[in-house]
Structure formats: structure tokens, C-alpha cells
Amino acid sequence: KRTSRALLVLRSAFGAGAVVLAVFFLAVAERMVYAGDVMPGIDVDGVNIATKGEDDAYADLSALAAQLETAPLAAKIGDRDVSADPSLIDLDVDEIATLAAARRAGRSGNPVEQTIGAIQRRFRSEPIDLEITYSEAGLEGVLDGWQAQTLDGRIEGDLEFEGTQVIEVEPQGG
């Protein structure tokens with residue numbers, strides 16, 4: 001009875017080890033198959049570029065960038081809808097940097113992380129953020145313009161600095 005229990009434990013351990021080893025080799029094979037492409041399960045701002053080659057993924061990212069760089073910036077302040085032209089904040093999507101981040105995603109030098117990532121991406125996508133730049137001064141101008149459009153007299157809170165002292169400016173209702 002004791003030897004049959006030990007044999008069962010030994011067989012279970014070998015079975016579990018075989019499964020882990022098989023999944024590891026599948027993750028290595030996945031990495032080799034998609035060597036120049038974006039790994040499966042990679043998503044950039046709602047655009048599925050998984051398993052696409054560099055040219056196709058770049059084309060999809062360029063289309064998204066063109067849309068974002070020309071579509072009006074929209075917001076809702078209270079019950080009022082406001083918008084602004086994206087050129088006011090010099091919005092720029094860096095498609096090359098975004099593509100590089102998407103190609104790095106799912107690839108790791110850590111074999112455990114690589115194996116777990118290969119499994120996880122089968123059940124949920126891995127979102128990658130767009131690499132963007134914008135003018136902070138332009139954004140402040142847009143926000144100030146939107147505040148003026150609301151005409152309710154509200155003044156947003158702020159922080160002012162005098163040397164090393166921080167002065168809190170309380171928001172005021174209109």
C-alpha cells in the first residue's frame with residue numbers, strides 16, 4: 001500500500017513536470033514563429049495588431065494615429081459638451097515607438113514569465129499604451145478655454161509656489 005501511494009505521487013510529479021515542460025516548449029515555439037511579428041494577444045488602444053508583421057501593424061497604427069491627431073478633443077463639463085481641435089495641443093502619436101513597444105510585449109528573458117505570458121495572452125489581451133506627445137501649454141490653454149465656456153464662474157483649485165513653500169489655492173464655486 002505504501003509503495004503504491006509513493007508510485008502515485010511519483011507519477012503525478014512526472015506528469016505535472018511533463019505538462020510544465022510542454023507548455024514551456026510551446027512558449028519557445030511561439031516566440032520563434034512570431035520572431036519578426038507582434039505576439040498573439042497584443043492590443044494597442046483597441047486595435048488588434050496581434051500576429052501582424054511590421055508593415056501591417058505599422059499601417060494599422062498609422063491609421064489610428066491619423067484619426068487621433070485629427071479628431072476633435074471632446075469632453076463633458078457638467079451637462080455641457082465641449083470640444084477642441086487637436087492641433088491646439090500639438091498631439092503626435094509616435095507610431096514607430098508604439099510598434100516597438102508592441103513587438104517587445106510578450107517577450108521576456110525570464111523563461112517563467114515568458115511561459116506564463118504565453119498562456120495568459122490566450123485568455124485576455126495585453127494592452128499596450130500609445131506613445132504620444134503633446135504640448136502641456138496647449139492643453140492648459142484648451143482647459144482654460146473650456147472653463148471659460150462653462151460661464152458658471154467656477155475657478156479650479158491650484159498650487160502656487162513661493163520658494164520652497166507650497167500655497168494651496170482653494171477652488172471657488174460659481
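These legends accompany an overview and several close-up views of a predicted model.

**View 1. The whole protein chain, with five helices and nine strands.** Let us start with the full picture before zooming in. Walking from the N terminus, you meet the elements in the order α-β-β-α-β-β-β-α-α-β-β-α-β-β. The protein chain has 174 residues, and 24% of them are buried. Take the contacts between residues at least 6 apart in sequence: 55% of these join residues at least 24 apart. The chain exposes about 11,900 Å², with carbon and sulfur atoms supplying 57% of that area.

**View 2. Helix α2, residues 54-70, along its length.** This helix is built from 17 residues. From the first C-alpha to the last, α2 reaches 24 Å, close to the 24 Å expected at 1.5 Å a residue.

**View 3. The buried side of helix α2.** Which residues of α2 are buried? They are Ala-57, Leu-61, Leu-64 and Ala-65. These four lie on the same side of α2 because they cover an arc of only 105° around the axis. What covers them includes two strands that come before the helix, β1 (42-44) and β2 (47-48). Also among the covering elements are β5 (92-93) and helix α3 (95-104).

**View 4. The other side of helix α2.** Turn your attention to the residues that are exposed here: Asp-55, Asp-56, Gln-67 and Thr-70. Compare them with Ala-57, Leu-61, Leu-64 and Ala-65 of the previous view, which are buried.

**View 5. Thr-51, a residue other than glycine with a positive phi.** Look for Thr-51 in the loop between β2 and α2. Its phi is near 65°. Is Thr-51 exposed or partly exposed? With a relative accessible area of 37%, Thr-51 is partly exposed, since the exposed class begins over 50%.

**View 6. Asp-90, with a positive phi although it is not a glycine.** Here the phi is about 50°. Asp-90 sits in the loop between β4 (80-84) and β5, and β5 is one of the elements that cover the buried residues of α2. The relative accessible area of Asp-90 is 52%, so this residue is exposed, the cut-off being over 50%.

Technical notes
Residues numbered from 1 in each chain as written. Predicted model: local features only at pLDDT ≥ 70, side-chain atom pairs only at ≥ 80, totals over all residues. Heavy atoms only, no water. Expected span 1.5 Å × (residues − 1). Buried < 20%, exposed > 50% of the residue type's maximum accessible area, 1.4 Å probe, protein only. Arc of directions from axis to C-beta. Contact = heavy atoms within 4.5 Å. Areas by Shrake-Rupley, 256 points an atom, 1.4 Å probe, with all protein chains shown as cover.
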